Amino acid sequence: MTNNRFADIILPLAVKGRFTYRIPENIKEEVKPGVMVTVQFGGRKLYSGIVCSVHDKSPDIKNVKPVINVLSGTPLINESQLKLWLWISEYYLCSEGEVMKAAMPNEISLNNFKPRLETFIKLSGKFSEDELNEFLDKLKKAPRQQEILSAYIRLTGYATGTEILTVSKSLLLSESHSSAGILDVLVDKGILTSISQPVSRIPETDSYKEPIKQLSEAQSVAFESIKSQFREKDIVLLHGVTSSGKTEIYIHLIEEQLKKGKQVLYMLPEIALTTQIILRLKRHFGEVTGVYHSRFSDPEKVEIWKRVAENDPLNSYRLILGVRSSLFLPFSNLGLIIVDEEHDGSYKQHDPAPRYHARDSAIMLATMHNAKTILGSASPSVESYNNAVNGKYGLTELKERFGLIKLPSIVLANTREAYRKKLMVSHFTPELLQAMDDALGKEEQIILFQNRRGFSPYIECSECGWIPVCIQCAVNLTYHKGIGKLVCHYCGYTTSMPSKCGNCHSTGMVTRGFGTEKIEDEIKIVFPAARVARMDQDTTRNKNSFNKLIRAFEEQRIDILIGTQMISKGLDFENLTVVGILNADNLLNYPDFRAHERSFQLMEQVSGRAGRRQKQGKVVIQTSDPANKIIRLVLRHDYVSMFRMQSEERMTFNYPPFCRMVKISIKHKDRTQLNYYSDILGRYLKEIFGKRVLGPESPVISQVQLWYIKTILIKIEREKPPAKAKQLIIEAIDRLGKEKGASALKIAVDVDPY
Ligand code: ADP
Ligand code: ZN
Ligand code: ZN
């Protein structure tokens, strides 16, 4: 009698657990860990799932359903990927299926991976030069056909006895200013032949190879310090001021790993940043360098995925530059992970699950590969610096800028005083205007930072104070002048600009506050001769818009670039000398225990864009509160004092890194029902965790897309392993789920909310 075989399978569902299916005899050989299979789940729905193990333990249910078929001959997911999925699901309290959804490009395209084909043209035979001249002669009456043939000869350099080379059809047509119809005639005559060949979907950037730069003395010391700490520690924090040349140090570390035949993952928080760094990396490492982010289409992602998985020395990517999801690529042999700008909040995924932190997950991934991790930042997160100070991580500090250029000088511009003295020109202080004027006079470039997009954050009736709000969310609508509409930044709801007040019908609607769009408008009035551009979510919707804007700024076709946090990080521009921070107040006043840390990091970072090459840059910070203690620290670039101050505060009030936090958000479409159920959950949790439970309370935005929201925060002691506490939290939520009517709730758990 043959034993029954079973497969445990991960399905792309929010349901916890793996699902067991019977393996029919005829596909027994093919079903193995990592392959994708089709199975039926629930009613009649078919799903593609990933096999994680194969065994002969019959599950405790009757009628175990069979695996229907195998979609991929070879495993798509390797063992360490499966381990990472499991870790993320356990740590961040979600299902492996949710991790699978975030981790894989569209399942279907992973299976039919069809290469992209392009048409190429070649000579039909090894014609001699005499024969070719005869063809050309005969074509005298058809000059456009003649032109195609001569363009082919020109492009390939064909002569008697040389190899027959192919030319892409589109290049040949553009070179000969000809059309496909005319080319077809030459093909029909048997002179040229047309063939289809697979080509990469990933555009190759032209890059000349360049030797790696020699490190300065300070950089060499840092480089050696990192390597010697790696002998004892797996993680090193590189705290280096902006433009100290951290990237160059990474490049040296990467080179060593590639030489050893290892793979390297280089993570960045923002797609905009990949544009510049990819060029720097390709210049040194050439074709083994690939980039990965969410702007790629599924077929493009699949190609990158395969080029990471395969072991072809000519075609595989061994150095990947990517944003947080690059963590999920099929690495088999990682030697090093670099998490640049490690403090950045974009590393944390908020919605949907898995709500993972890519920095912390990267550390886990590195452990699974026995690889090292380097965290880099000019202003590390309090968490990471604390780990370094405690000796859990190694610490390397780089305190000078490359070329010994001074850190930018910072000027505070007091907006309250300037308004009072009527010195403001629109939203600009005399200090900022002066600095800009100086820079423009010297043909230097400027960045203006404002962390709000759109024209104005809200509009208001000047008679009665009525403010239009979203019909689905508890937020004011932002006015976007370019499209002439009011937009909700939470749900995307859009409506036309009202001509009258919705309350008193007066016609006096006025715009309040300012976003990047307004700054752009007004700067054009103040500096009519300057070339101005804007970089924010609204101007970078197209795939290549980042690249275009960054290139235009690099090539100095833009004098003033206005932007949101997108322009604040990591970018390196030669001729940029002045940075203006238009409103520091709205950064500092955000109600979150990390607001001060974040505003320090943001200001330090955006300042760091100024004066990176030849001379010291200048930063003007506009604020109504120049005595603010965080601003005073930014003024002195004093990270360590900021760290000490924040640590003390967090120790006193018990916040991370001195405790762990789990945030539960509960949503219901009815406010009363929400209050009722969230109170119950609060009670259940307090029975277990007592005073460690805060809330339920209403968050700042208490309704989004018609769902009312309440949050509960649980603080868990750092000293104890968190698994038990997390288990109890899940049990409390499950207990709430058994209450009558609780199925109308949406509950999300966020571990280490960020
Ligand atoms: P960071 O990553 O710390 O902000 P970068 O690595 O971008 O700093 O370095 C800042 C600038 O200085 C870059 O333009 C970089 O090319 C240049 N640079 C850094 N180190 C060297 C070096 N050793 N030799 C030549 N140029 C360097
Ligand atoms: Zn009104
Ligand atoms: Zn809305």
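Where does Pro352 lie? In this predicted model, Pro352 is found in the loop between strand S13 (334-340) and helix H12 (358-368), where helices (H or I, at least four residues) and strands (E, at least two) are DSSP runs numbered from the N terminus. Local features need pLDDT of at least 70, side-chain atom pairs count only at pLDDT 80 or more, and totals for chains, interfaces and linings use all residues. Residues are numbered from 1 along each chain as its sequence is written, ligands are numbered from 1 in the order in which they are written, and side-chain values use heavy atoms, with hydrogens and water left out.

The loop holding Pro352 is a good place to begin. A cis peptide bond links Asp351 to Pro352, with omega about -5°. The bond from Ala353 to Pro354 is cis as well, its omega being near 5°, and Pro354 also sits between S13 and H12. Elsewhere, Glu443 has a positive phi, near 55°, though it is not a glycine; this residue belongs to the loop between helix H15 (430-441) and strand S17 (445-449).

Two zinc sites come next. Cys461, Cys464, Cys501 and Cys504 each offer SG to the zinc ion (ligand 2), at 2.2 to 2.4 Å; donors are N, O and S atoms within 2.8 Å of the metal (3.2 Å for Na, K and Ca). Angles of 105 to 115° among the four donor atoms make this site tetrahedral, a term for four donors with all angles between 85 and 135 degrees. Along the chain, the donors show the spacing C-x2-C-x36-C-x2-C. Cys461 is in strand S18 (residues 458-461) and Cys501 in the loop between strand S21 (494-496) and strand S22 (509-512), so this pair ties together parts that are 40 residues apart in sequence.

The zinc ion (ligand 3) is held by SG atoms of Cys470, Cys473, Cys488 and Cys491, also at 2.2 to 2.4 Å. Its donor atoms subtend angles of 104 to 115°, which makes the arrangement tetrahedral. Here the spacing reads C-x2-C-x14-C-x2-C.

Finally, the axes of helix H19 (residues 595-607) and helix H21 (residues 639-652) come within 10 Å and cross at roughly 170°, the axes being lines fitted to C-alpha atoms over the stretch in contact, with angles from 0 to 180 degrees between N-to-C directions. The two helices are therefore roughly antiparallel, meaning an angle over 145 degrees. Contact (heavy atoms within 4.5 Å) involves His596, Glu597 and Phe600 of H19 together with Tyr639, Met642, Gln646 and Arg650 of H21.

Definitions and conventions: Angles under 35 degrees count as roughly parallel, over 145 as roughly antiparallel, 65 to 115 as roughly perpendicular and the rest as oblique. Four donors count as tetrahedral if all angles lie between 85 and 135 degrees; four count as square planar and six as octahedral if opposite donors are over 155 degrees apart and all others between 65 and 115; anything else is irregular.
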